[in-house]
Amino acid sequence: MRKRSGAVKYLVAAAVIFPISKGFEAVGDAAPLTSGGVSGDRLFFHSLALLVFLGVVGCLFRAGQLSFRFFRGGSISQPQALANVFDDPADAPGANDSSFDPDAALNRYMSRKNSAQASPTVAPSSGFGRRVV
């Protein structure tokens with residue numbers, strides 16, 4: 001049986017938090033206007049509604065991320081893969097293998113580099129830019 005993705009709890013959190021955001025927005029809409037323009041109460045409640053709505057967007061993003069990983073088949077958390085990034089290269093498989101010859105690898109690299117320099121390819125002119133003489 002596959003491990004559940006955990007995205008459902010983020011979807012439920014978004015469904016619970018969203019009406020709270022709409023409630024703050026409604027309170028901000030119901031606040032009285034002042035003769036000079038927008039009152040501080042309206043600004044406060046609308047700003048609070050925006051912050052809560054950003055939490056809803058974050059929950060939906062995380063739910064989508066977890067669902068994508070679940071349906072793709074990857075694991076949800078990969079601490080071992082992260083730990084392998086910071087391992088010592090000498091402990092890597094094949095690091096102590098004596099069949100690798102660094103001089104031969106350098107010679108192959110230099111031969112490919114020299115052959116690439118010997119036959120430069122000229123791109124066809126498109127009519128724009130500098131003229132090559």
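**Reading a predicted helical model**

Mentor: Let us start with helix α2, whose buried residues are Arg 42, Ala 49, Val 52, Val 56, Cys 59, Ala 63, Leu 66 and Phe 70. Please keep in mind that the model is predicted.

Trainee: What covers the buried residues of α2?

Mentor: Their cover includes helix α1. Seen from the other side, the buried residues of α1 are Ala 7, Ala 14, Ser 21 and Gly 28, and these pack against α2.

Trainee: How should one think about positions spaced along a helix?

Mentor: The general idea is that an α-helix has 3.6 residues a turn, so residues three or four places apart point the same way. In this chain, Val 8, Val 12, Val 16 and Ile 20 make up a nonpolar surface patch, with a joint accessible area of about 360 Å².

Trainee: Why does Ile 20 count as partly exposed?

Mentor: The class rests on relative accessible area: under 20% is buried, over 50% is exposed, and partly exposed lies in between. Ile 20, a residue of helix α1, has 42% relative accessibility and therefore counts as partly exposed.

Trainee: Is Lys 9 buried or exposed?

Mentor: Lys 9 belongs to α1, which covers residues 7–30. Its relative accessible area is 57%, so Lys 9 is exposed. The C-alpha atom of Lys 9 is nevertheless separated by 8.0 Å from that of Ala 63, a residue 54 positions away along the chain. Ala 63 is itself one of the buried residues of α2.

Trainee: How many salt bridges are there?

Mentor: The rule asks for a side-chain nitrogen of Lys or Arg within 4 Å of a carboxyl oxygen of Asp or Glu. The count comes to 1 salt bridge. Glu 25 and Lys 22 form a salt bridge, with 3.3 Å between their closest N and O atoms.

Trainee: Where do Glu 25 and Lys 22 lie?

Mentor: Both are in helix α1, 3 residues apart, which is about one turn of the helix. Glu 25 counts as partly exposed because its relative accessibility is 30%; Lys 22, at 42%, also counts as partly exposed.

Trainee: How does one check the length of a helix against its residue count?

Mentor: One compares an expected span with the distance between the end C-alpha atoms. For α1, 24 residues at 1.5 Å a residue should span 34 Å, and the end C-alpha atoms are 35 Å apart, which agrees. For α2, residues 40–72, the 33 residues should span 48 Å, and the end-to-end C-alpha distance of 48 Å agrees.

Trainee: What phi does Gly 73 take?

Mentor: Gly 73 comes just after α2 and has a positive phi of about 105 degrees.

Trainee: Where is the place of Ser 39, and is Ser 39 buried or exposed?

Mentor: Ser 39 sits in the loop that runs between α1 and α2. Its relative accessibility is 8%, so Ser 39 counts as buried. If neighbours within four places in sequence are set aside, Ser 39 is in contact with Ala 31, Pro 32 and Thr 34.

Trainee: What does the secondary structure of the chain come to?

Mentor: There are 4 helices and 0 strands, in the order α-α-α-α from the N terminus. The chain has 133 residues, of which 11% count as buried. It exposes about 11,100 Å², with 63% of that area supplied by carbon and sulfur atoms. Of the contacts between residues at least 6 apart in sequence, 64% join residues at least 24 apart.

Definitions and conventions. Residues numbered from 1 in each chain as written. Predicted model: local features only at pLDDT ≥ 70, side-chain atom pairs only at ≥ 80, totals over all residues. Heavy atoms only, no water. Helix = DSSP H or I, 4+ residues; strand = E, 2+ residues; numbered from the N terminus. Buried < 20%, exposed > 50% of the residue type's maximum accessible area, 1.4 Å probe, protein only. Patch = residues over 30% accessible without salt bridge, like charges linked within 9 Å, V, L, I, M, F, W, Y side chains within 5 Å. Areas by Shrake-Rupley, 256 points an atom, 1.4 Å probe, with all protein chains shown as cover. Expected span 1.5 Å × (residues − 1). Contact = heavy atoms within 4.5 Å.
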